[in-house]
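User: Could you take a close look at one part of this protein for me, the nonpolar patch on the surface? I'd like to know which residues form it and how it fits into the rest of the chain.

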Amino acid sequence: MTPGSIKTDGHDRVEIPANDNHMAGAEIFTDPLLDVIESDDVANALCARAERFATKMVVVMAICWTSTLVASLYFLLAPT
């Protein structure tokens with residue numbers, strides 16, 4: 001990582017990684033998750049299920065958005 005620095009007191013600098021993705025005090029506990037996922041086969045199956053679920057959700061959102069658009073156009077353009 002490329003080191004970066006933060007001025008704390010005008011002259012003092014604290015060295016931190018420039019691309020630090022971890023916030024101070026925010027710890028993510030992954031041990032229980034690693035206990036569940038024991039092998040690469042389980043991880044691959046879990047990822048495949050997540051991808052299929054995400055694809056289905058995108059399709060459902062597209063259908064809802066399209067139906068909302070059609071309904072709004074119908075009410076805007078319908079003769080009164």
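Analyst: Let's begin with a term: accessible areas come from the Shrake-Rupley method with a 1.4 Å probe, and for residues only the protein chains shown count as cover. On that basis the protein has about 7700 Å² of accessible surface, with 64% of it belonging to carbon and sulfur atoms. Keep in mind that this is a predicted model, where local features need pLDDT of at least 70, side-chain atom pairs count only at pLDDT 80 or more, and totals for chains, interfaces and linings use all residues. Residues are numbered from 1 along each chain as its sequence is written, and side-chain values use heavy atoms, with hydrogens and water left out.

Now the patch: Trp 65, Leu 69, Leu 73, Leu 76 and Leu 77 make it up, together offering about 600 Å² of accessible area. (Patch residues have over 30% relative accessible area and no salt bridge; like charges are joined within 9 Å, nonpolar side chains, meaning Val, Leu, Ile, Met, Phe, Trp and Tyr, within 5 Å. A salt bridge is a side-chain nitrogen of Lys or Arg within 4 Å of a carboxyl oxygen of Asp or Glu.)

Leu 77 sits in helix H2, residues 40-77; helices are DSSP runs of H or I with at least four residues, strands are E runs of at least two, and both are numbered from the N terminus. Leu 77 counts as exposed because its relative accessibility is 68%, and the cut-offs are under 20% for buried, over 50% for exposed and partly exposed in between (1.4 Å probe, protein chains only). Tyr 74 and Phe 75 are exposed too.

As for confidence, pLDDT is the predictor's own score for each residue, from 0 to 100. H2 has the highest mean among the elements, 94, while strand S1 (residues 3-7) has the lowest, 51.
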